[in-house]
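Reader: I am new to this structure. Please take me through one part of it closely, the charged side chains and their surroundings, and show the reasoning as you go.

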Amino acid sequence: MTFYLISFPSGEMQLDEGGLEQASIDSHQVIRDAKDAGVYRFGGGINESVPPVRVAADGTVEEGTYAQTAHLEGGYTVLNLPNRAAAEEWAARIAKACRCRQELREFWFDPEQ
């Protein structure tokens with residue numbers, strides 16, 4: 001089994017009046033289905049109202065982020081799936097529910113898991 005990250009930037013959800021409510025209902029159902037299937041590990045969205053900080057090994061905290069992740073936002077779901085085909089199927093279900101394309105990434109294997 002492999003962990004897959006399925007995500008999208010919040011700006012990709014282009015919903016008309018009332019569309020957000022239905023997208024919320026539909027996306028919560030997909031997550032319930034993933035939980036029922038035993039593949040759900042984590043999900044949520046970045047709280048865009050809280051600015052990011054970087055924390056050094058000595059505990060020093062500084063405001064800001066890396067240039068590459070300056071626009072990290074949106075929704076994230078981590079599923080534990082048997083293969084990429086299954087991950088693509090779940091990503092398609094989430095895309096349909098959220099009304100926007102999803103990005104799919106694979107985590108490196110963790111031998112401690």
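Author: Start with one definition. A residue is buried under 20% relative accessible area, exposed over 50%, and partly exposed in between. Keep in mind that this is a predicted model.

Now take E62. Its relative accessible area is 41%, so E62 is partly exposed. E62 forms a salt bridge with R54. The closest N and O atoms of this pair are 3.2 Å apart. That is within the 4 Å limit, so the pair counts. Side chains of opposite charge can pair when their charged atoms come close.

What about the partner? R54 has a relative accessible area of 27%, so R54 is partly exposed too. R54 also has a second contact. It lies over the face of Y66, at 5.1 Å from the ring centre. So two contacts meet at R54: a salt bridge with E62 and the ring of Y66.

Which ring does the charged end of K35 sit over? It is the ring of Y40, and the distance to the ring centre is 5.0 Å. Ring-to-ring contacts are another matter: the count of aromatic pairs is zero.

Stay with V53 and V55, on either side of R54 in the numbering. V53 is found in strand β3, residues 53-55. V55 has its place in strand β3 as well. Together with V61, V53 and V55 make a nonpolar surface patch of about 270 Å². V53 has a relative accessible area of 45%, so V53 is partly exposed. V55 reaches 59%, which is over 50%, so V55 counts as exposed. From V55, look along the chain to T65. The two are 10 residues apart, and their C-alpha atoms are separated by 9.9 Å.

Back to the charges. How many salt bridges are there? The count comes to five. The one between E62 and R54 has been described. Another joins R84 and E88, at 3.6 Å from N to O. Both residues lie in helix α2, residues 84-98. They are four residues apart, about one turn of the helix. R84 has 38% relative accessibility, so R84 is partly exposed. E88 has 43%, so E88 is partly exposed as well.

Next comes the pair E103 and R105. Their side chains meet in a salt bridge at 2.7 Å, N to O. E103 is partly exposed because its relative accessibility is 39%. R105 is partly exposed because its relative accessible area is 49%, under the 50% cut-off.

Between α2 and β6 (103-106) runs a loop, and R99 lies in it. Phi of R99 is near 65°, a positive value in a residue other than glycine. With 34% relative accessibility, R99 counts as partly exposed.

Finally, turn from the charges to the interior. The largest nonpolar core has 19 residues. Those that touch the most other members are I6, A34, V39, L79, L81 and W90. The elements giving two or more residues to this core are β1 (2-8), α1 (19-36), β5 (75-81) and α2. Of these, α2 gives the most, with seven residues. So helix α2 has two roles in this picture: it carries the R84 and E88 pair, and it gives seven residues to the core.

Technical notes:
Predicted model: local features only at pLDDT ≥ 70, side-chain atom pairs only at ≥ 80, totals over all residues. Heavy atoms only, no water. Phe/Tyr/Trp six-rings, centres within 6.5 Å; stacked < 30°, edge-to-face > 60°. Lys NZ or Arg CZ within 6 Å of the ring centre and 35° of its normal. Buried < 20%, exposed > 50% of the residue type's maximum accessible area, 1.4 Å probe, protein only. Patch = residues over 30% accessible without salt bridge, like charges linked within 9 Å, V, L, I, M, F, W, Y side chains within 5 Å. Areas by Shrake-Rupley, 256 points an atom, 1.4 Å probe, with all protein chains shown as cover. Core = buried A, V, L, I, M, F, W, Y, C linked by side-chain atoms within 4.5 Å.
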